[in-house]
Amino acid sequence: MRTAPGEHGYARPVEGLVVVVDLDAGEVVEVADHGVVALPPQPGNYEEPWIFEDGNVPAVPAYRDDVKPIEITQPEGPSFTVDGHAVTWQKWHLRIGFTPREGLVLHEVAYADRGTLRPVVYRASLAEMYVPYGDPAPTHRFKNVFDQGEYGVGWLANPLTLGCDCVGHIHYFDGVVNDNDGNPVTIPNAVCMHEEDAGIAWKHTDFRTGAVQVRRRRRLVVSTIVTVGNYEYGYFWYLYNDGTIEYEVKLTGVISTGAIAPGEVPAHGTLVAPGLYGPHHQHFFCVRLDMAVDGPRNTVVEVDSAPSPPGPDNPHGNAWQVHRTVLASEAGAQRDTDAARARYWKIESADRTSALGAPTAYALMPGGNVPPMYSPDALFAPRSGFTQHQLWVTAYDETQRFAAGDYPNQHPGGQGLPAYGAADRPLEGGDVVVWYTFGAHHVVRPEDWPVMPVSTVGFMLKPTGFFDGNPALDLPPAADHCHE
Ligand SMILES: [Cu+2]
């Protein structure tokens, strides 16, 4: 309930009232009233002017006045070139795509290495995102949203505005989706591309001679931001000039809220304001990586580190080794992260070896992650099987694009990754698709109210024996910018 125009729409939830509507018949089927809970007293407004009622202190009485301008200038323009949807930036080559369901898609990501264009990823896309809530209350238990499979994150993309969402020299790409009658609809500036200074690329001071060498790292940022009801999700691909690829989801917007009686403490959430709480929940993302490391024939290898057993090969107790396990077929390629073993996965070329004799490879390096907290017999669990493991590898099939199936809410369960892997097709040296599921765990904080500071989750693809040494040695020094 908003008590005035422009008020925060999530500050005063009407708790306890659930209305079931038959959308086909256009009828109210049921009104369930689970009892009255007082409306939370504070308006929770976060935009100027800060409207507040008598007796409530505004969260923000004024803007801080000590923020001086930072200007990003690129006097010679950007380092990228754009030809339609094809982009070249330093040694990276790629094409930028966009679909109604997946939003931003990268195609044919390749790196020009000493005159040879070497493929890395054929197609990279978001394959599902899923937000289950952990509160059994009647007004919250049904929140189990498949944001991509139900809504489509391309349809929900924001038109981005210069100087706010992205800074620097920006190139925008429009997104084209369809309306309910199949007509094309253009979302202007749906994808933003720019480059950023990204700190130090590498540095060494020779302490004996005093010689210093340092280079600046830079990244190409390709991003899109979607609004899914209360939440905003930013999907950011970063290509670095040391060959690293990073994917980062930025979560912001407004938490889903419930009202609670004064003096009560929520059992499945966190109090964020008087009479207002945010239920526990998780956000799961799955990214589909149709890999092509030095060509279409790749092998995925799990890499664990472990202490060596005591004995003659480890007389001092300090030894540890790296163990490789080839993921040879789909049944054995449903794997979990393991921080205790520093686990990562290598995607190796089956056709090319480096100068040192090993298969050229990129490694998928997990970032923050969390397993699902819901029980396997939860009502919705059969639809979200892709969250049961973090890494899935499948044999390429152009019809297999979505981690929870084509229509997550219109099948009896088990579709998507569990069904794709059920055939147990061989993987070694084949055209493989790597699916990485990662979760953002959200025990809500009071600081997430009334609008949430950006929180991030993601992963990296790092060259691991792809290059013969540091590929960023040829970055030019920028010494003239280092002194006043
Ligand atoms: Cu959240």
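Student: In which loop does Gln 90 lie?
Tutor: Ground rules first: this is a predicted model, where local features need pLDDT of at least 70, side-chain atom pairs count only at pLDDT 80 or more, and totals for chains, interfaces and linings use all residues. Residues are numbered from 1 along each chain as its sequence is written. Strands (E, at least two residues) are DSSP runs numbered from the N terminus, as are helices (H or I, at least four). Gln 90 sits in the loop between strand E4 (86-89) and strand E5 (92-99).

Student: Is Gln 90 buried or exposed?
Tutor: Buried takes 20 or more other C-beta atoms within 10 Å of the residue's own, exposed takes 12 or fewer, and partly exposed is in between, with C-beta atoms placed from the backbone. Phi of Gln 90 is near 50°, a positive value in a residue other than glycine. Gln 90 has 18 other C-beta atoms within 10 Å, so the label is partly exposed.

Student: And Asp 294, is that one buried or exposed?
Tutor: Asp 294 isn't a glycine, yet its phi is positive, about 55°. Look for Asp 294 in the loop between strand E17 (281-291) and strand E18 (298-307). Because 24 C-beta neighbours fall inside 10 Å, Asp 294 counts as buried.

Student: What residues does Val 432 touch?
Tutor: Val 432 lies in strand E24 (residues 432-442). This valine is buried because it has 27 other C-beta atoms within 10 Å. A contact means that two C-beta atoms, placed from the backbone, lie within 7 Å. Leaving out residues up to four places away in sequence, Val 432 touches Met 291, Asn 298, Val 300, Val 393, Ala 395, Tyr 396 and Leu 427.

Student: Where is the cis peptide bond at Pro 450?
Tutor: Pro 450 is in the loop between E24 and strand E25 (452-463). Omega is about 0° for the cis bond, which joins Trp 449 and Pro 450.

Student: Which strands stand at the edges of the open sheet?
Tutor: Strands pair if DSSP finds at least two bridges between them. The open sheet has 10 strands, paired antiparallel in the order E9-E10-E11-E12-E13-E25-E22-E21-E18-E19. An edge strand has a single partner strand, so one side is left without a neighbour in the sheet; these are strand E9 (171-178) and strand E19 (320-326).

Student: What is the bridge partner of Trp 202 in E11?
Tutor: Strand E10 (residues 184-205) and strand E11 (residues 212-228) run antiparallel, with 11 bridges joining them. Trp 202 has its partner in E11, namely Arg 215.

Student: How many residues of strand E1 are buried?
Tutor: E1 is joined to strand E2 (residues 27-33) by six bridges, and the two run antiparallel. They form a hairpin with four residues between them, and Gly 26 in the turn has a positive phi of about 70°. Strand E1 (residues 17-22) lies largely in the open, because of its six residues the number buried is zero.

Student: How far apart are the centres of domain 1 and domain 2?
Tutor: The protein chain divides into domain 1 (1-68) and domain 2 (83-293 + 368-481), with bounds from an automatic or database domain assignment. Their contact takes 19 residues from domain 1 and 17 residues from domain 2. Taken over C-alpha atoms, the distance separating the two centres is 29 Å.
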